[in-house]
Amino acid sequence: MRLRSFLPRNTACTTIATVALCTTPALAQSQESNISAADTAWMMIATGLVLMMSIPGLALFYSGMVRKKNVLGTMAQTLLSTFIGSVFWVGACYSLTFRGDGSFIGGLDRLFLHGIGMTTTSPLAPTIPEMLFMAYQMTFAVITVALVGGSVAGRMRFSAFVWFAVLWLPFVYVPIAHWVWGNGWLMRAGLLDFAGGTVVHLNAGVAGLVAACVVGRRYGYGSDNFAPYDLSLAVIGTGLLWVGWFGFNGGSALTASSRAVFAIVTTHLAASTGALTWTALEWRTRGKPSVLGMISGAVAGLGTVTPASGFVLPWHGLIIGVIAGAICFWACTKLKALLQYDDSLDVFGVHGIGGAVGTLLTGVFATAAVSATPELPQGNAGLLDGNPGQLFIQLMGIAATLAWSGLGTFILLKIIGVLVPLRVSKENEIDGLDLTQHGEVLQ
Amino acid sequence: MKLIVAIIKPFKLDAVREALGQVGVQGMTITEVKGYGRQRGHKEIYRGAEYVVNLLPKIRIDVAVDEANADRVIEVIRESAATGQIGDGKIFVTPVEKAMRIRTGETDRDAL
């Protein structure tokens, strides 16, 4: 808390108080913290919102779209991602992502949160407790792992998915997150990714595509009826994701500030125009505006605007949403049909493509009007603000993420495949994951 | 005794039940079934995937009646279940060898 908010603007009082605090034995060893109650309160809420995006947001969104026999199994993947992601995050993953000066990977000084006390702050988020910064980032790691599961829904063996969560988090997510947000080489190169266009969406999307190809298509894909079990669950999930995204993008400001507000409004508008665009295109090309199309368009808009949200103006969000709705609609219908990959829940088509497009568009629309800070008074500028060079940095970030995620996921799956078959047996796939992997059936 | 099996459109169930009640039919078994005849199915579209669903939901009514009432019951079902559109359904009649009321052990006509 800032001392000034509690004491009169009296230099003598402030000085005495500061001296008193610094000489208190417990505090003498730590830096004087600049923890803001307002920032902390907001970030606590944002952390809750992003966790809600996973449980139950993504769980519902995904499960509603699979067949009845796989609903619980699909939820299990998101649940497991939460358990494993959380434990491994506080173990070594937080430290390796957000500590140290390494270009490629962080340090281990915060192993099991060692050294994080009541007043400790991270230089990356100086006005909130480091424990909170860690927890907030944990929710991002969790949802990224959970997102990948959507691509292999319906046929991946649960034990293989457990291995996947355990290995993919430290070996694929952590490095990319370190490069982009943990003072790694991409951050130093000036890559702009406000809330995870590369780290979360492109990363999960590419990993999902690779996984879908390595694990293979579902039995009966293209011929059997794979109609969703209950799209109303998916709609509820979308609502939780949308509202949660206020924490995902707004919280990435790491402060309770106008920047967070701008990010939230931009996010909301992109979701709206994303949904409208997909709906319009579908209405035009297929004759009816489906509810699945509406929620897909909304999520496409949300994912695409994610890297741009704290760098652009709200009206840019409207445009980004339109582009997202159009490109992701094309990816999920035309591109998928062309390449014939079985990405069950279109993680690549929505998050992968959306994340890449959004990261690029950040280089187009970034403006100092939103991104100027006391530390960076000139802000971040993109193409429209007269800085076309930013586009190349964005492309570099996209390429790096694509390469590391693609290659890393492929190698890890091959390794896991030696330990345990990636797929369930054909008979189990026909009977469904709920019964065969978990011994449960929706009545 | 005869077992009358009627496949009807689901929304006609209440009308048929009421009509049967008025000719003395006091019990029946209802099952939710799927099927098709001349009525074509519909197309569902989920993102890139299109499914033509040929199986349509119907209601199956099983009712056992005395032979003397069979024709009247069949006529009542037909009148109350018909809409004039394709897909109204079908009625089948099979003989019943034996019937029994579980609670009392009454058989045949006394069990109906």
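A:P56 sits in helix 3 of chain A, residues 37-63, with helices taken as DSSP runs of H or I of at least four residues, strands as E runs of at least two, and both numbered from the N terminus. The bond leading into this proline, from A:I55 to A:P56, is a cis peptide with omega near 5 degrees. The model is a predicted one, in which local features need pLDDT of at least 70, side-chain atom pairs count only at pLDDT 80 or more, and totals for chains, interfaces and linings use all residues. Residues are numbered from 1 along each chain as its sequence is written, while chains are lettered from A and ligands numbered from 1 in the order in which they are written.

Two backbone oddities turn up in loops of chain A. Most residues other than glycine have a negative phi, and most peptide bonds are trans. A:L113, however, is not a glycine and has a positive phi of about 60 degrees; its loop runs between helix 4 (71-98) and strand 1 (121-122) of chain A. A:N183 also carries a positive phi, near 70 degrees, and belongs to the loop between helix 6 (158-181) and helix 7 (185-189) of chain A. Burial is scored by counting other C-beta atoms, placed from the backbone, within 10 Å of a residue's own: 20 or more is buried, 12 or fewer exposed, and anything in between partly exposed. A:N183 has 20 such neighbours and so is buried, whereas A:L113 has 17 and is therefore partly exposed.

As for overall layout, chain A splits into domain 1 (1-32) and domain 2 (38-438), with bounds from an automatic or database domain assignment. Their centres, taken over C-alpha atoms, are 41 Å apart.

Helix 11 (residues 291-305) and helix 12 (residues 314-339) of chain A have axes that come within 8 Å and cross at roughly 120 degrees. The axes are lines fitted to C-alpha atoms over the stretch in contact, with angles from 0 to 180 degrees between N-to-C directions. That angle makes helix 11 of chain A oblique to helix 12 of chain A, since under 35 degrees counts as roughly parallel, over 145 as roughly antiparallel, 65 to 115 as roughly perpendicular and the rest as oblique. Contact here means C-beta atoms, placed from the backbone, within 7 Å. Helix 11 of chain A brings residues including A:G297, A:A300 and A:G301, and helix 12 of chain A brings, among them, A:G321, A:A324 and A:G325. By class, the contact has seven nonpolar, seven polar and no charged residues; Ala, Val, Leu, Ile, Met, Phe, Trp, Tyr, Cys and Pro are nonpolar, Asp, Glu, Lys and Arg charged, and the others, Gly among them, polar.

A:G325 is also 16 Å from A:L202, C-alpha to C-alpha, with their positions 123 residues apart along the chain. A:L202 is in helix 8 (residues 197-215) of chain A and counts as buried, with 32 C-beta neighbours inside 10 Å. Beyond four places in sequence, A:L202 contacts A:G197, A:G352, A:G355, A:A356, A:T359, A:I398, A:T401 and A:L402.

Turning to chain B, seven of its residues are in contact with 13 residues of chain A. Strand 3 (42-46) and strand 4 (49-53) of chain B each give two or more residues to that side, and strand 3 of chain B supplies the largest share, three residues. Elsewhere, B:V5 lies in strand 1 (residues 2-8) of chain B and touches B:R60, B:D62 and B:F92, leaving out residues up to four places away in sequence.

Technical notes:
Contact = placed C-beta atoms within 7 Å.
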